Amino acid sequence: MDQTIDPRNVITSMHHKVTGDLLHLMDGLYSNIEDGLFELAYRHEGNELQQRRSFDLMREMRFRRSNLIQAFAKRMQRGLEYWFGDKFEYDTEYDVEFDALARGMSEKCSAHFNMLLGNIIERTAFATQRKPDAVNIPISPYQVSYNFLASCRALDFDRQSIELVQDLFERFVLDRLGPVYGDCNQRLEDS
């Protein structure tokens, strides 16, 4: 990284940009949530309880949209403190169950974007004098997943609702992180 550039400013700017990009992807999730839930209801044709749950969740997601997006944005912004060691734990309400769900959700995304994430980790380690790993960087697929699940929990979504929505989150947010990580990598390389 160029010695005339303050790494804190570069990483802060990058982190804010990623959070903004994630919120844009969340808008995409919401644009597709009804179709996705209709699709899930259709797959469970004959199971009235499951279909009812999908339709109820559709209304609930519409009703809680701004609260969910705000909670998710706040959680993502809190991760900014981690880059420079100001804070070492993300979540004081760590939940083992959500940890397992987040690991499962993020597995495919992490594998798919492994090279980009490796470059981001290497460049930020050089800039921050810390050696983070692919799970702990605040913009990792794992952290994005965990923050989403914790945001749902904070809004009192029940476990079954979260399970229905997590598949859609993977499809419309996690699977579309490539350009976001590519931009981060480019910003760090340019600096």
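Start with the whole surface: show the protein as a surface, and you are looking at an accessible area of about 9900 Å², of which 49% belongs to carbon and sulfur atoms. Such areas come from the Shrake-Rupley method with a 1.4 Å probe, and for residues only the protein chains shown count as cover. Before you go on, note that this is a predicted model, in which local features need pLDDT of at least 70 and side-chain atom pairs count only at pLDDT 80 or more, while totals for chains, interfaces and linings use all residues. Residues are numbered from 1 along each chain as its sequence is written, and side-chain values use heavy atoms, with hydrogens and water left out.

**The whole chain**

Switch to a cartoon. The protein has 8 helices and 0 strands, so from the N terminus on you will read α-α-α-α-α-α-α-α; here helices (H or I, at least four residues) and strands (E, at least two) are DSSP runs, numbered from the N terminus. Now show the C-alpha atoms alone: along the principal axes they fill a box of roughly 65 × 30 × 25 Å. The radius of gyration is 17 Å, which agrees with the value near 16 Å for a compact globule of 191 residues. That radius is taken over C-alpha atoms, and the globule rule is 2.2 Å times the number of residues to the power 0.38.

Colour by burial next, and 48% of the 191 residues count as buried. Buried means under 20% relative accessible area, exposed over 50%, and partly exposed in between (1.4 Å probe, protein chains only). Contacts come next, meaning heavy atoms within 4.5 Å. Among contacts between residues at least 6 apart in sequence, 81% join residues at least 24 apart.

**Into the core**

Select L22, M26, L29, I139, F148, F169 and L177: these have the most contacts inside the largest nonpolar core, which has 56 residues. At least two residues of this core come from each of α1 (7–43), α2 (48–63), α3 (65–78), α4 (96–112), α5 (114–128), α6 (141–154), α7 (159–172) and α8 (178–190). Helix α1 gives the largest share, 12 residues. A nonpolar core here is a set of buried Ala, Val, Leu, Ile, Met, Phe, Trp, Tyr and Cys residues joined through side-chain atoms within 4.5 Å. In soluble globular proteins, nonpolar side chains tend to be buried together.

Centre on L29. What does L29 contact, leaving aside neighbours within four places in sequence? You should find F148, L168, F169, F172 and V173 around L29.

**I139**

Move to I139, in the loop between α5 and α6. Is I139 buried or exposed? I139 counts as buried because its relative accessibility is 1%. Not counting residues up to four places away in sequence, I139 touches M14, H15, V18, W83, I120, V144, Y181 and C184. For a distance to try, pick the C-alpha atoms of I139 and R59: these residues are 80 apart along the chain, and the separation is 30 Å.

**L117**

Now select L117 in helix α5. L117 is buried, with a relative accessible area of 2%. Beyond residues up to four places away in sequence, L117 touches S110, I137, P141 and Y181. The C-alpha atoms of L117 and N185 are separated by 8.2 Å, although their positions lie 68 residues apart along the chain.

**K17**

Jump to helix α1 and select K17. At a relative accessible area of 32%, K17 is partly exposed. Leaving aside neighbours within four places in sequence, K17 is in contact with D183 and R187. From K17 to M105, 88 residues apart along the chain, the C-alpha separation is 23 Å.

**Last stop: D156**

Finish at D156, in the loop between α6 and α7. D156 has a positive phi of about 65 degrees although it is not a glycine. With 63% relative accessibility, D156 counts as exposed.
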